[in-house]
Amino acid sequence: MPSNIMSETKKHLVEVKDLKTHFPIKAGVLSRTVGHVKAVDGVSFTIEAGKTLGLVGESGCGKTTVGRTLIRLIPPTAGAFTFEGEDIFVASTGRMKAIRRDIQMMFQDPYGSLNPRMTVETIVGEALGVHRISTGNKRRDRVVDLLKKVGLSPEHLNRYPHEFSGGQRQRIGIARALALDPKFIICDEPVSALDVSIQSQIINLMQDLQSQLNLTYLFIAHDLAVVEHISDWVAVMYLGRIVEYASREELYANPKHPYTRALLSAIPEPDPTRRKPRILLAGEVPSPSNPPSGCPFHPRCPLAEEQCRHQIQALLPKGDSDQHVAACWKVK
């Protein structure tokens with residue numbers, strides 16, 4: 001990421017620099033490391049307080065690994081994650097417990113992420129007990145207040161996850177994420193498992209809560225139509241790297257990277273009388289355990305030349321805005 005994007009850290013609640021998450025490949029009787037899966041390979045971005053960064057890309061590009069690494073569910077291989085000026089990756093276990101009050105996560109599967117043996121009251125209130133914030137009636141009152149915030153009622157307290165629809169389960173997940181009054185929420189494809197009509201309800205709820213509570217989101221998704229609706233900035237990932245980064249308006253109006261253009265061309269057009277040309281990418285996404293040399297996108301890129309096969313271009317400003325950056329030799 002260019003220095004102009006990463007500057008003025010005072011305004012940024014979240015700053016990620018050169019994040020790498022590599023998984024070792026073991027083989028043989030002695031389980032020796034014979035290679036690495038480079039799930040995340042040098043990702044940098046910032047998020048201002050109260051704003052949303054959409055992180056998009058095809059399945060397997062590493063976007064979910066970014067979110068899980070930031071919250072330290074997965075250990076980072078290299079890089080730094082600064083939250084309110086503090087590097088989270090070097091924080092002690094005790095310090096991380098305090099930090100997790102400010103950083104929470106919403107998961108993709110609204111059923112698998114909820115304990116089927118716990119009632120809603122226990123699920124939402126569990127963190128309040130772990131962090132010794134409230135007990136007894138005070139905890140129950142807090143849970144009731146959280147349920148009301150997400151559109152559920154007190155009568156749901158003693159029900160179990162299987163008694164709810166997918167959209168209601170995700171509302172429970174949102175209430176759980178809000179229990180400790182966090183500042184930053186990592187949203188890992190929170191609407192991808194829901195029907196389209198329910199998706200819009202959950203997105204609108206998240207936006208209302210962001211406005212009321214000044215929340216900051218990292219919104220991980222593959223649906224660019226949803227990302228356009230909720231995000232202030234968008235980062236496009238391909239094979240563990242960010243290939244384009246811009247404001248929502250700039251990226252959707254004037255995409256630079258060939259991969260971004262292909263993704264945007266796949267968004268369904270609601271008006272059947274309007275047709276836009278579809279950009280079809282050849283081949284499959286390369287394996288992150290054996291990425292191609294040079295630009296990782298060059299095996300599928302319609303614009304690729306010899307230079308692309310041997311050299312990786314850093315994210316550099318493209319077009320009129322210094323805040324719109326892309327990693328491509330062929331675009332200006």
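Here is a short conversation about a predicted model, covering a helix, a pocket, a cavity and one lysine.

Me: Let's start with helix α6; how far apart are its end C-alpha atoms?
Reply: Helix α6 has 13 residues, and at 1.5 Å a residue they should span 18 Å. The distance between the end C-alpha atoms agrees with that expectation, at 19 Å.

Me: Is α6 largely enclosed by the rest of the structure or largely open?
Reply: A residue counts as buried when its relative accessible area is under 20%. Among the buried residues of α6 are Gly-167, Ile-172 and Leu-178. Ten of the 13 residues are buried, so α6 is largely enclosed.

Me: Which elements help to cover the buried residues of α6?
Reply: Two strands take part in the cover, β6 and β7 (184–188). Helices take part as well, and the cover includes α4, α5 and α7 (196–213).

Me: Turning to open space, which element supplies the largest share of the lining of the largest pocket?
Reply: The lining of this pocket has 19 residues, and Arg-100, Gln-104, Phe-107, Ala-127 and Arg-176 lie nearest the centre. At least two lining residues each come from β6 (103–106), α4 (120–130) and α6 (166–178). The largest share is five residues, and the element that supplies it is α4.

Me: How much space lies in that largest pocket, and how many of its lining residues are nonpolar?
Reply: The space in the largest pocket is about 480 Å³. Its lining includes four polar and three charged residues, while the nonpolar ones number twelve.

Me: What about enclosed space: how many cavities of 30 Å³ or more are there, and how much space lies in the largest cavity?
Reply: The count of cavities of 30 Å³ or more comes to one. The space in the largest cavity is about 60 Å³.

Me: Which residue in the lining of the largest cavity is the charged one?
Reply: The lining divides into seven nonpolar residues, two polar and one charged. Cys-295, Phe-297 and Trp-329 are among the lining residues, and so are His-257 and His-298. Asp, Glu, Lys and Arg count as charged, and the lining holds one of these, Lys-330.

Me: Finally, is Lys-148 buried or exposed?
Reply: Lys-148 sits in helix α5 (residues 136–149). Its C-alpha lies 9.0 Å from that of Ala-175, although 27 residues separate the two in sequence. Exposed means over 50% relative accessible area. Lys-148 has 54% relative accessibility, so it counts as exposed.

Key: Residues numbered from 1 in each chain as written. Predicted model: local features only at pLDDT ≥ 70, side-chain atom pairs only at ≥ 80, totals over all residues. Heavy atoms only, no water. Helix = DSSP H or I, 4+ residues; strand = E, 2+ residues; numbered from the N terminus. Buried < 20%, exposed > 50% of the residue type's maximum accessible area, 1.4 Å probe, protein only. 1 Å grid on protein atoms, 1.4 Å probe; cavity = no way out; pocket = protein on both sides within 12 Å on 5 of 7 lines; lining within 4 Å. Points joined across faces, edges and corners; volume = space filled by probe spheres on them. Expected span 1.5 Å × (residues − 1). Contact = heavy atoms within 4.5 Å.
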